[in-house]
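Please describe the pockets, the aromatic contacts and the strand pairing of the protein shown here, in a form that can be read beside the structure.

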Amino acid sequence: MSFCYINGFYKNNIDAQISVEDRGFNFSDGVYEVMGFRNGKLLNFDKHMYRLCKSLINLQISKPFSNPNSYKIIIYHLLKLNDVNDGFLYLQITRGTAKRNHLFPSNIKPNIVIFTFSKGSLDKIKRGVNVGLTKDQRWMRCDIKSISLLANVLDKQKGHERGFFEVWQIRKNLITEGTTSNAFIVNKKSHIYTHPKNNFILGGVTRDCVVEIALKNGLKVIEKAFNINDIKNCNEAFLTSTTLGIVPVTKIDNIIINKKAIGLITKTLMKKLEDFLNKQIHE
Ligand code: PMP
């Protein structure tokens with residue numbers, strides 16, 4: 001039995017109820033976060049809270065709590081109820097419940113739901129995955145972590161049906177990001193390239209950690225979008241997300257990367273990210 005938090009109550013997942021007039025349900029009018037926890041400790045909590053607040057402000061959704069510590073108290077209680085120490089949580093805030101109308105009432109109360117989940121073994125994918133390429137069909141505010149994910153869902157599914165683990169999206173000949181992850185390549189000079197943080201990508205928390213770790217370790221990071229030609233000439237490629245960490249990319253479309261071996265920089269960053277996350281357990 002798994003418990004979730006829903007609007008002030010802890011309920012069995014199957015007993016939790018939301019109105020049919022929830023604006024998330026009707027309009028995808030809401031935001032979310034996925035956060036990891038290890039040894040019962042939340043990882044990158046402040047970074048996730050910062051992004052959540054930004055998403056809420058951008059959509060003019062009111063904050064359910066003024067103090068981020070309220071989330072912490074709720075989440076730690078939920079981990080205890082679910083008797084889980086390692087895994088992930090999904091946190092969703094929608095604008096609230098109101099008679100269906102595109103215009104939203106000014107004093108509407110947000111609906112908040114938090115549940116925990118676990119991931120299967122990542123051993124196989126950590127040896128390298130293949131990535132497809134597709135046109136970026138999304139709107140111009142990909143920086144908002146909105147629950148409206150239809151373009152991502154459809155392209156991920158299409159990629160899966162073609163045998164790809166992930167799909168990198170292309171806007172104006174430039175790779176923006178994956179459907180559920182950020183995209184990186186390493187060029188022949190060992191410079192790491194990833195799309196700059198702007199409205200065309202979701203600024204991933206793991207992306208930020210990787211950039212920070214790479215710089216701290218004397219690696220050169222260039223936050224500039226790359227194209228297919230750069231992929232053809234790259235030495236290494238990888239993707240990042242909260243649920244996957246760093247995953248080596250060994251094939252992009254029909255381009256084989258580094259003879260399908262995990263590159264040295266990718267390997268180093270994978271190890272350093274693990275250290276970075278594990279250090280938070282003891283903070
Ligand atoms: N881009 C997109 C489109 C995503 O859905 C995700 C995962 N939610 C990411 C990037 C990675 O973000 P994070 O590292 O914060 O999980």
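**The largest pocket**

A pocket, as the word is used here, is an open set of grid points with protein on both sides within 12 Å along at least five of seven lines, and its volume is the space filled by probe spheres set on those points. The structure is a predicted model, and the volume of its largest pocket comes to about 940 Å³. The lining is made up of 46 residues, and those nearest the centre are Tyr32, Lys145, Leu149, Thr179 and Thr180.

Several elements contribute to this lining, with β3 (30-38), α4 (150-161), β9 (174-178), α5 (205-216) and β13 (236-241) each supplying at least two residues. The largest share belongs to α4, which provides five residues. Sorted by class, the lining of the largest pocket holds 18 nonpolar and 18 polar residues, together with ten charged ones.

**The second largest pocket**

The second largest pocket encloses about 390 Å³ of space. It is lined by 26 residues, and Arg38, Leu43, Phe88, Thr242 and Thr243 are the closest of these to its centre. Two or more lining residues come from each of β3, β5 (87-94), α5 and α7 (264-281).

Within the lining of the second largest pocket, β3 gives the most, with four residues. The division by class is ten nonpolar, eleven polar and five charged residues. Strand β3 is thus named for both pockets, since it also supplies at least two residues to the lining of the largest one.

**Aromatic pairs**

A pair of aromatic rings is described by the distance of the centres and the angle of the planes. Counted by the rule that ring centres must lie within 6.5 Å, the model has seven aromatic pairs. In one of them, the rings of Tyr32 and Tyr90 have centres 5.5 Å apart and planes at 25°, and the pair is therefore stacked, given that planes under 30 degrees apart count as stacked. Because Tyr32 belongs to strand β3 and Tyr90 to strand β5, this pair ties together parts that are 58 residues apart in sequence. Tyr32 and Tyr90 are both buried, and they form one aromatic cluster with Phe115.

Phe184 and Phe238 make another stacked pair, at 4.6 Å centre to centre and with 15° between the planes. Since Phe184 lies in strand β10 (residues 182-186) and Phe238 in strand β13, the contact ties together parts that are 54 residues apart in sequence. Phe184 counts as buried because its relative accessibility is 0%, and Phe238 likewise counts as buried at 0% relative accessibility.

**Charges over rings**

Two contacts of this kind can be described. The charged end of Arg95 sits over the ring of Phe104, at 3.6 Å from the centre of that ring. Lys156, in turn, lies over the face of Phe165, with 5.4 Å to the ring centre.

**The six-stranded sheet**

Six strands form an open sheet with antiparallel pairing, in the order β2-β1-β6-β5-β3-β4. At its edges are β2 (9-12) and β4 (41-42), each of which pairs on one side only.

Strands β1 (residues 3-6) and β6 (residues 111-117) run antiparallel and are joined by three bridges. Cys4 stands opposite Phe115 in β6, and Phe115 is also part of the aromatic cluster with Tyr32 and Tyr90.

Definitions and conventions. Residues numbered from 1 in each chain as written. Predicted model: local features only at pLDDT ≥ 70, side-chain atom pairs only at ≥ 80, totals over all residues. Heavy atoms only, no water. 1 Å grid on protein atoms, 1.4 Å probe; cavity = no way out; pocket = protein on both sides within 12 Å on 5 of 7 lines; lining within 4 Å. Nonpolar A, V, L, I, M, F, W, Y, C, P; charged D, E, K, R; others polar. Phe/Tyr/Trp six-rings, centres within 6.5 Å; stacked < 30°, edge-to-face > 60°. Buried < 20%, exposed > 50% of the residue type's maximum accessible area, 1.4 Å probe, protein only. Lys NZ or Arg CZ within 6 Å of the ring centre and 35° of its normal. Pairing = 2+ DSSP bridges.
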